[in-house]
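Here are some short exercises to help you find your way around a new structure. Try each task yourself before you read the solution below it.

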Amino acid sequence: MSGVEQLLGALDNVVLAGDAAVLATVVRVEGSAYRRPGARMLITALGQTQGTLSGGCLESEVARTAFWLTEQGPALRSYSTSDETEDGEVAVSFGLGCNGKVHILFERVNAESAGLLLGALRTQQRDGQARAVATVITASACLGERLLWSAEGAVSSGQLPDSLQAGLSAPLQQAIAERRSSLHYLEQDARVLQVLVEYLPPARRLVVFGGGHDAQPLVRMARLLGWQVTVIDSRAHFARASRFPEADSVLLGTLDDSFNPGPLLQGAAVAVMTHSLQQDAHWLQCALASGARYIGQLGPRERTERLLSEMPALPASALARLHYPVGLDLGGDTPESVAMAILAEMTAVLNGRQGGMLKARTAAIHDASPIYHHQDAGSSASSVPLSTSERP
């Protein structure tokens, strides 16, 4: 179950009990931090929490102060993880030596702006469509106000000036197109507002062709990460929901034109692991003809190349998405270790990473979010990208 699913489930329990709750969201990070902007935690009136904002360093303090911070409305607070708090620093210091600062927005879940975000996350669980949301994160009368962008258009939480909404439309669409969040500085009424434009990705999808015993740990691990999982097999004794209780669906697929998995594969990660030459040949060809983002074929290299040689000529773009033998080189031969290697490679590819050891990485672990400065909040044409270290 994903973090979003767990958070929404906790929210349902709060509403059912008639209790109050606070939503805490990481809206900006400076330096090193465990979580990135968009990480959320729900805090109930009894101090119970769902979700994480750090590696466990900040959660107790956040839960302890969440309700009194929001007595008068949304609040913004900073938490420093440096060795010591600098002179004049207003952030709460934890002296962890991580040399970072985390900015957190606190808001009651019954506020209109929080309701707009939570409603969008709930709808997204059903329709699987990407969205983007802009949140004002400067202490002002608009703190916490939001503008949501989806395929249906823009929806405001009600307090954003029209000029600000107009200036945010292009950044929101850009966030969806580029699949990444960004920080924007927009001039509004002689002051500069910081706005987090957050990309809300749909749950990742995994399609597993093959219902054997080695597919079972792969399905379990993917669901643990919050992925939506479909299992397909042409053999009725394998294509049974009882074998895959964690899967979202288990389908019996025939090896002919009457069953077309193409729509299910669009944008998904695919693992072909039926251990049947006939099935693998059919499902691999279907996957290569689809819009899948990742295709992994289990088995020796020579076996896969034999399957490919018997297919019609394939475009280079299709072969570029094919990974065989599937998985990272982690060692191990149990179904669980193979599943871990497969899922690790899928995650690396979907994140645009190589899957190597972090100690060999020279760049920062987390990709920096781009920062933009807009000279006129009512016009996106004057947007100027800044480096992550620049400030207006």
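The protein chain is divided into domain 1 (1-110), domain 2 (112-203) and domain 3 (205-351). Keep in mind that this is a predicted model.

**Exercise 1. Find how far apart the centres of domain 2 and domain 3 are.**

Step 1: Pick out residues 112-203 for domain 2 and 205-351 for domain 3.
Step 2: Take the centre of each of these two domains over its C-alpha atoms; the centres are separated by 36 Å.

**Exercise 2. Work out the strand order of the open sheet of six strands, and name its edge strands.**

Step 1: Going across the sheet, the order reads β14-β13-β12-β15-β16-β17, and the pairing is parallel.
Step 2: Look for strands that pair on one side only: these are β14 (249-252) and β17 (322-323), the edge strands.
Step 3: Now zoom in on one pair. Strand β12 (residues 205-209) and strand β13 (residues 228-233) run parallel and are joined by five bridges.
Step 4: To see the register, start at arginine 205, which has glutamine 228 of β13 opposite.

**Exercise 3. Which strands does helix α7 lie across?**

Step 1: Locate α7 at residues 277-288.
Step 2: The strands it lies across are β12, β13, β15 (269-272), β16 (294-297) and β17.
Step 3: Compare directions with β16: the helix α7 runs at about 165° to that strand.

**Exercise 4. Decide how α7 and helix α8 are oriented to each other, and describe their contact.**

Step 1: Helix α8 covers residues 301-309, and its axis is 10 Å from that of α7, at an angle of about 65°.
Step 2: Angles of 65 to 115 degrees count as roughly perpendicular, so α7 and α8 are roughly perpendicular to each other.
Step 3: The crossing of these two helices is right-handed.
Step 4: From α7, the contact uses Leu277, Asp280, Ala281, Leu284 and Leu288; from α8, it uses Arg303, Arg306, Leu307 and Leu308.
Step 5: Sorting these residues gives six nonpolar, no polar and three charged.

**Exercise 5. Do the same for helix α1 and helix α3.**

Step 1: Helix α1 spans residues 3-17 and helix α3 spans residues 112-127; they pack at about 120° with axes 11 Å apart.
Step 2: This angle therefore makes α1 oblique to α3.
Step 3: The two helices cross in a left-handed way.
Step 4: On the α1 side the contact is made by Val4, Glu5, Leu7, Leu8, Leu11 and Asp12, and on the α3 side by Leu118, Leu121, Arg122 and Gln125.
Step 5: By type, the contact residues are six nonpolar, one polar and three charged.

**Exercise 6. Describe how helix α5 meets α10.**

Step 1: The axes of α5 (residues 215-224) and α10 come within 8 Å, crossing at roughly 50°.
Step 2: So α5 is oblique to α10.
Step 3: The crossing is right-handed.
Step 4: Pro217, Leu218, Arg220, Met221 and Ala222 of α5 make the contact with Pro335, Glu336, Ala339, Met340, Ile342 and Leu343 of α10.
Step 5: Nine of these residues are nonpolar, none is polar and two are charged.

**Exercise 7. Where are proline 325 and arginine 179 found, and what marks the backbone there?**

Step 1: Proline 325 belongs to the loop between β17 and α10 (335-350). The peptide bond leading to it from tyrosine 324 is cis, with omega near -10°.
Step 2: Arginine 179 sits in the loop between α4 (162-178) and β10 (182-188). Although arginine 179 is not a glycine, its phi is positive, about 55°.

How values were computed
Residues are numbered from 1 along each chain as its sequence is written. This is a predicted model: local features need pLDDT of at least 70, side-chain atom pairs count only at pLDDT 80 or more; totals for chains, interfaces and linings use all residues. Side-chain values use heavy atoms; hydrogens and water are left out. Two strands pair if DSSP finds at least two bridges between them. Helices (H or I, at least four residues) and strands (E, at least two) are DSSP runs, numbered from the N terminus. Contact means heavy atoms within 4.5 Å. Axes are lines fitted to C-alpha atoms, for helices over the stretch in contact, and angles run from 0 to 180 degrees between N-to-C directions. Angles under 35 degrees count as roughly parallel, over 145 as roughly antiparallel, 65 to 115 as roughly perpendicular and the rest as oblique. A crossing is left-handed if the near helix is turned anticlockwise from the far one by less than a right angle, and right-handed if clockwise. Ala, Val, Leu, Ile, Met, Phe, Trp, Tyr, Cys and Pro count as nonpolar, Asp, Glu, Lys and Arg as charged, and the others, Gly among them, as polar. Domain bounds come from an automatic or database domain assignment.
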